[in-house]
Amino acid sequence: LKVSTSLMRYPLRLEKTLTLSEGSSVLKVDEVLTNLGEQDIEFAWLQHIVFGKPIVGPGMSVDMRAGACTAGAYKQTRLKSGVEFDWPSAPASDGSVIDMSDAPPSGARYEDNLYVTMKEPWYAIRNSLAGLTVGVSWDLNVLPSLWYWLNNGAVDYPWWGRSYNLGLEPSSSVTELGIQEYMGKGNALKLREGGSMRLGLRYAVAEGSGKVSRVDGEGRLER
(Lines give C-alpha, C1' and ligand atoms only; values in the text may rest on other atoms or scores of the structure.)
Protein backbone atom coordinates (compact mmCIF):
# COMPACT_ATOMS: atom_id res chain seq x y z
CA LEU A 1 0.00 0.00 0.00
CA LYS A 2 1.38 3.41 -0.97
CA VAL A 3 -0.04 6.67 0.36
CA SER A 4 1.14 10.27 0.10
CA THR A 5 0.27 13.78 1.18
CA SER A 6 1.53 17.31 0.68
CA LEU A 7 1.49 19.57 3.73
CA MET A 8 -0.41 22.86 3.65
CA ARG A 9 1.80 25.07 5.82
CA TYR A 10 5.20 23.76 4.79
CA PRO A 11 6.43 22.76 1.31
CA LEU A 12 6.90 19.11 2.25
CA ARG A 13 5.56 15.99 0.57
CA LEU A 14 5.48 12.67 2.45
CA GLU A 15 5.24 9.33 0.67
CA LYS A 16 4.70 6.20 2.74
CA THR A 17 4.86 2.59 1.56
CA LEU A 18 3.46 -0.16 3.81
CA THR A 19 4.44 -3.75 3.07
CA LEU A 20 3.19 -6.92 4.78
CA SER A 21 4.43 -10.04 3.06
CA GLU A 22 2.48 -13.28 3.10
CA GLY A 23 3.43 -15.37 6.13
CA SER A 24 5.31 -12.51 7.80
CA SER A 25 4.47 -10.87 11.14
CA VAL A 26 6.52 -7.75 10.35
CA LEU A 27 4.94 -4.66 8.85
CA LYS A 28 7.50 -2.63 6.88
CA VAL A 29 6.90 1.11 6.65
CA ASP A 30 9.19 3.12 4.38
CA GLU A 31 8.83 6.88 4.16
CA VAL A 32 10.27 9.52 1.85
CA LEU A 33 10.02 13.21 2.79
CA THR A 34 10.71 15.71 0.00
CA ASN A 35 11.24 19.48 0.14
CA LEU A 36 9.14 21.00 -2.66
CA GLY A 37 10.16 24.54 -1.78
CA GLU A 38 12.73 26.76 -3.42
CA GLN A 39 14.78 27.17 -0.25
CA ASP A 40 16.21 25.00 2.51
CA ILE A 41 13.86 24.13 5.36
CA GLU A 42 14.36 23.06 8.98
CA PHE A 43 11.77 20.87 10.66
CA ALA A 44 11.03 18.22 13.29
CA TRP A 45 9.81 14.68 12.58
CA LEU A 46 7.93 12.37 14.96
CA GLN A 47 6.11 9.05 14.63
CA HIS A 48 2.89 9.16 16.70
CA ILE A 49 2.81 5.44 17.57
CA VAL A 50 0.26 4.69 20.29
CA PHE A 51 -0.84 1.34 21.75
CA GLY A 52 -3.90 0.32 23.76
CA LYS A 53 -5.49 -2.87 25.03
CA PRO A 54 -4.69 -5.74 25.21
CA ILE A 55 -0.95 -4.93 25.10
CA VAL A 56 -1.27 -1.93 27.49
CA GLY A 57 -2.54 -2.59 31.01
CA PRO A 58 -1.90 -5.12 33.79
CA GLY A 59 0.92 -7.51 32.89
CA MET A 60 2.70 -4.99 30.64
CA SER A 61 6.47 -4.47 30.48
CA VAL A 62 8.58 -2.22 28.22
CA ASP A 63 12.02 -3.25 26.97
CA MET A 64 14.37 -0.72 25.36
CA ARG A 65 17.95 0.53 25.43
CA ALA A 66 17.54 4.09 26.62
CA GLY A 67 19.71 6.65 28.39
CA ALA A 68 18.89 10.03 29.88
CA CYS A 69 15.21 10.90 30.40
CA THR A 70 13.34 14.00 31.55
CA ALA A 71 9.69 14.17 32.60
CA GLY A 72 7.41 16.77 31.07
CA ALA A 73 5.36 19.15 33.21
CA TYR A 74 1.98 17.55 32.56
CA LYS A 75 -0.92 18.59 34.79
CA GLN A 76 -1.80 15.09 36.00
CA THR A 77 1.66 13.52 36.03
CA ARG A 78 3.06 11.44 38.89
CA LEU A 79 6.58 12.53 38.06
CA LYS A 80 8.94 15.31 39.10
CA SER A 81 9.24 17.42 35.97
CA GLY A 82 12.49 18.76 34.55
CA VAL A 83 14.72 16.34 36.50
CA GLU A 84 17.06 14.19 34.41
CA PHE A 85 17.32 10.49 35.29
CA ASP A 86 18.41 7.21 33.73
CA TRP A 87 15.77 4.93 32.25
CA PRO A 88 13.63 3.42 33.74
CA SER A 89 13.87 4.84 37.31
CA ALA A 90 11.84 8.08 37.36
CA PRO A 91 11.75 10.39 40.41
CA ALA A 92 8.14 10.91 41.49
CA SER A 93 6.69 14.10 42.93
CA ASP A 94 5.99 12.29 46.23
CA GLY A 95 9.68 11.39 46.66
CA SER A 96 9.43 7.79 45.51
CA VAL A 97 11.00 6.25 42.40
CA ILE A 98 8.80 4.72 39.69
CA ASP A 99 9.93 1.99 37.29
CA MET A 100 8.57 3.31 33.99
CA SER A 101 9.08 -0.05 32.30
CA ASP A 102 6.37 -1.65 34.48
CA ALA A 103 2.61 -1.78 34.02
CA PRO A 104 0.63 1.18 35.39
CA PRO A 105 -1.05 0.57 38.77
CA SER A 106 -4.76 -0.20 38.60
CA GLY A 107 -7.16 2.40 39.94
CA ALA A 108 -4.82 5.41 39.61
CA ARG A 109 -5.51 8.19 37.09
CA TYR A 110 -2.61 10.16 35.65
CA GLU A 111 -0.81 11.24 32.48
CA ASP A 112 2.99 10.89 32.34
CA ASN A 113 5.32 12.09 29.61
CA LEU A 114 9.06 11.47 29.20
CA TYR A 115 11.61 12.80 26.73
CA VAL A 116 14.06 9.96 26.18
CA THR A 117 17.49 9.82 24.53
CA MET A 118 17.79 6.40 22.88
CA LYS A 119 20.95 4.28 22.92
CA GLU A 120 19.54 1.89 20.30
CA PRO A 121 16.62 2.46 17.90
CA TRP A 122 14.08 -0.11 19.08
CA TYR A 123 11.61 -0.99 21.78
CA ALA A 124 9.28 -3.84 22.68
CA ILE A 125 6.07 -3.93 24.70
CA ARG A 126 5.08 -7.31 26.09
CA ASN A 127 2.14 -8.42 28.17
CA SER A 128 2.24 -11.58 30.26
CA LEU A 129 -1.56 -11.73 30.62
CA ALA A 130 -2.19 -11.35 26.89
CA GLY A 131 0.78 -13.58 25.96
CA LEU A 132 1.72 -11.05 23.31
CA THR A 133 4.70 -8.89 22.31
CA VAL A 134 4.99 -6.01 19.84
CA GLY A 135 8.31 -4.55 18.70
CA VAL A 136 9.31 -1.46 16.74
CA SER A 137 12.64 -0.48 15.17
CA TRP A 138 13.71 2.56 13.14
CA ASP A 139 16.65 4.67 11.92
CA LEU A 140 18.46 6.29 14.86
CA ASN A 141 20.24 8.77 12.58
CA VAL A 142 16.91 10.39 11.70
CA LEU A 143 15.02 9.90 14.97
CA PRO A 144 17.48 9.75 17.90
CA SER A 145 14.93 10.42 20.64
CA LEU A 146 11.67 8.99 21.95
CA TRP A 147 8.60 10.57 23.50
CA TYR A 148 7.02 8.30 26.12
CA TRP A 149 3.36 9.14 26.77
CA LEU A 150 1.35 7.08 29.26
CA ASN A 151 -2.29 8.08 29.73
CA ASN A 152 -3.89 6.02 32.48
CA GLY A 153 -7.44 7.36 32.61
CA ALA A 154 -6.52 11.05 32.97
CA VAL A 155 -9.58 13.20 33.71
CA ASP A 156 -10.92 16.43 32.22
CA TYR A 157 -10.56 17.75 28.68
CA PRO A 158 -9.78 16.15 26.27
CA TRP A 159 -9.72 12.66 27.81
CA TRP A 160 -12.59 12.64 30.33
CA GLY A 161 -11.14 9.56 32.01
CA ARG A 162 -11.65 7.33 28.94
CA SER A 163 -8.13 7.04 27.54
CA TYR A 164 -5.79 4.21 28.50
CA ASN A 165 -2.81 4.15 26.16
CA LEU A 166 0.96 4.12 25.84
CA GLY A 167 2.61 6.17 23.14
CA LEU A 168 6.25 5.34 22.34
CA GLU A 169 7.04 7.87 19.66
CA PRO A 170 10.42 8.02 17.88
CA SER A 171 11.30 11.67 17.38
CA SER A 172 13.97 13.92 15.91
CA SER A 173 13.72 16.17 18.98
CA VAL A 174 14.09 15.43 22.69
CA THR A 175 11.45 17.96 23.85
CA GLU A 176 8.13 19.27 22.53
CA LEU A 177 8.96 22.97 22.93
CA GLY A 178 8.83 23.71 19.22
CA ILE A 179 10.90 24.31 16.13
CA GLN A 180 12.48 27.57 17.35
CA GLU A 181 14.09 25.71 20.27
CA TYR A 182 15.23 22.87 18.01
CA MET A 183 16.82 25.31 15.58
CA GLY A 184 18.48 27.20 18.44
CA LYS A 185 19.99 24.02 19.85
CA GLY A 186 21.01 22.73 16.44
CA ASN A 187 18.95 19.54 16.53
CA ALA A 188 16.35 20.43 13.89
CA LEU A 189 16.39 18.31 10.76
CA LYS A 190 17.21 20.08 7.51
CA LEU A 191 16.25 19.46 3.91
CA ARG A 192 17.85 21.38 1.09
CA GLU A 193 15.79 22.74 -1.78
CA GLY A 194 14.47 19.76 -3.75
CA GLY A 195 16.11 17.29 -1.36
CA SER A 196 14.62 14.12 0.13
CA MET A 197 15.08 12.18 3.36
CA ARG A 198 14.27 8.50 3.87
CA LEU A 199 13.09 6.72 6.99
CA GLY A 200 12.35 3.04 7.56
CA LEU A 201 10.32 1.61 10.44
CA ARG A 202 9.52 -2.00 11.25
CA TYR A 203 6.58 -3.20 13.36
CA ALA A 204 6.57 -6.78 14.64
CA VAL A 205 4.02 -8.89 16.53
CA ALA A 206 4.87 -12.18 18.27
CA GLU A 207 3.31 -14.63 20.66
CA GLY A 208 4.79 -14.93 24.16
CA SER A 209 5.95 -12.39 26.69
CA GLY A 210 9.61 -13.22 27.32
CA LYS A 211 12.04 -10.33 27.76
CA VAL A 212 13.26 -8.84 24.47
CA SER A 213 16.97 -8.03 24.14
CA ARG A 214 16.73 -6.36 20.72
CA VAL A 215 14.54 -5.63 17.71
CA ASP A 216 16.78 -5.56 14.65
CA GLY A 217 16.53 -3.35 11.59
CA GLU A 218 14.26 -5.86 9.84
CA GLY A 219 11.88 -6.09 12.80
CA ARG A 220 13.07 -9.43 14.12
CA LEU A 221 12.66 -9.83 17.88
CA GLU A 222 15.61 -11.27 19.80
CA ARG A 223 14.95 -12.72 23.24
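Author: Buried means under 20% relative accessible area, exposed means over 50%, and partly exposed covers what lies in between, with a 1.4 Å probe and protein chains only. This is a predicted model, in which local features need pLDDT of at least 70 and side-chain atom pairs count only at pLDDT 80 or more, while totals for chains, interfaces and linings use all residues. Residues are numbered from 1 along each chain as its sequence is written, and side-chain values use heavy atoms, with hydrogens and water left out.

Reader: How many strands are there in the protein chain?

Author: Helices (H or I, at least four residues) and strands (E, at least two) are DSSP runs, numbered from the N terminus. Counted in this way, the protein chain has one helix, and its strands number 17.

Reader: What radius of gyration does the protein chain have?

Author: The radius is taken over C-alpha atoms, and the globule rule is 2.2 Å times the number of residues to the power 0.38. The C-alpha trace spans about 55 × 45 × 30 Å along its principal axes. For 223 residues a compact globule would have a radius of gyration near 17 Å, and the protein chain agrees with this, at 18 Å.

Reader: Among contacts in the protein chain between residues at least 6 apart in sequence, what percentage join residues at least 24 apart?

Author: A contact means heavy atoms within 4.5 Å. Of the 223 residues, 44% count as buried. Among the contacts between residues at least 6 apart in sequence, the part that joins residues at least 24 apart is 63%.

Reader: How far apart do the centres of the positive and negative side chains lie?

Author: Lys and Arg count as positive and Asp and Glu as negative, without His and the chain ends, and each charge is placed at NZ of Lys, CZ of Arg, CG of Asp or CD of Glu. The protein chain has 23 positive and 26 negative side chains, and the distance between the centres of the two sets is 2 Å.

Reader: With which residue does R13 form a salt bridge?

Author: A salt bridge is a side-chain nitrogen of Lys or Arg within 4 Å of a carboxyl oxygen of Asp or Glu, and a search of the whole structure finds 11 of them. R13 is partly exposed, at 28% relative accessible area, and its partner is likewise partly exposed, at 35%. The closest N and O atoms of this pair are 3.6 Å apart, and the residue that R13 meets is E15.

Reader: Which residue forms a salt bridge with D30?

Author: The closest N and O atoms in this salt bridge with D30 are 3.3 Å apart, and the partner is R202. The pair links distant parts of the chain, 172 residues apart, with D30 in strand β3 (residues 26–35) and R202 in strand β15 (residues 196–207). D30 counts as partly exposed at 33% relative accessibility, whereas the partner, with a relative accessible area of 10%, is the buried R202.

Reader: How many residues apart in sequence are the parts that D40 and R192 tie together?

Author: The side chains of D40 and R192 meet in a salt bridge of 3.2 Å, N to O. D40 lies in the loop between β3 and β4 (41–43) and R192 in the loop between β14 (189–191) and β15, so the parts they tie together are apart in sequence by 152 residues.

Reader: How far apart in space are K28 and A204, C-alpha to C-alpha?

Author: K28 lies in strand β3 and is partly exposed, with a relative accessible area of 29%. Leaving aside residues up to four places away in sequence, K28 touches T17, L18, T19, L201, R202 and E218. Although K28 and A204 are 176 residues apart in sequence, their C-alpha atoms are apart in space by 8.8 Å.

Reader: To which residue does the cis peptide bond from Y157 lead?

Author: A cis peptide bond joins W87 to P88, with omega near 5°, and P88 is placed in the loop between β7 (84–86) and β8 (89–91). The peptide bond from Y157 is cis with omega near 0°, and it leads to P158.

Reader: Is W160 buried or exposed?

Author: W160 is found in the loop between β12 and β13, and it has a positive phi of about 55° although it is not a glycine. D156 lies in the loop between β12 and β13 and has a positive phi of about 70°, but D156 counts as partly exposed at 40% relative accessibility. With a relative accessibility of 54%, W160 counts as exposed.
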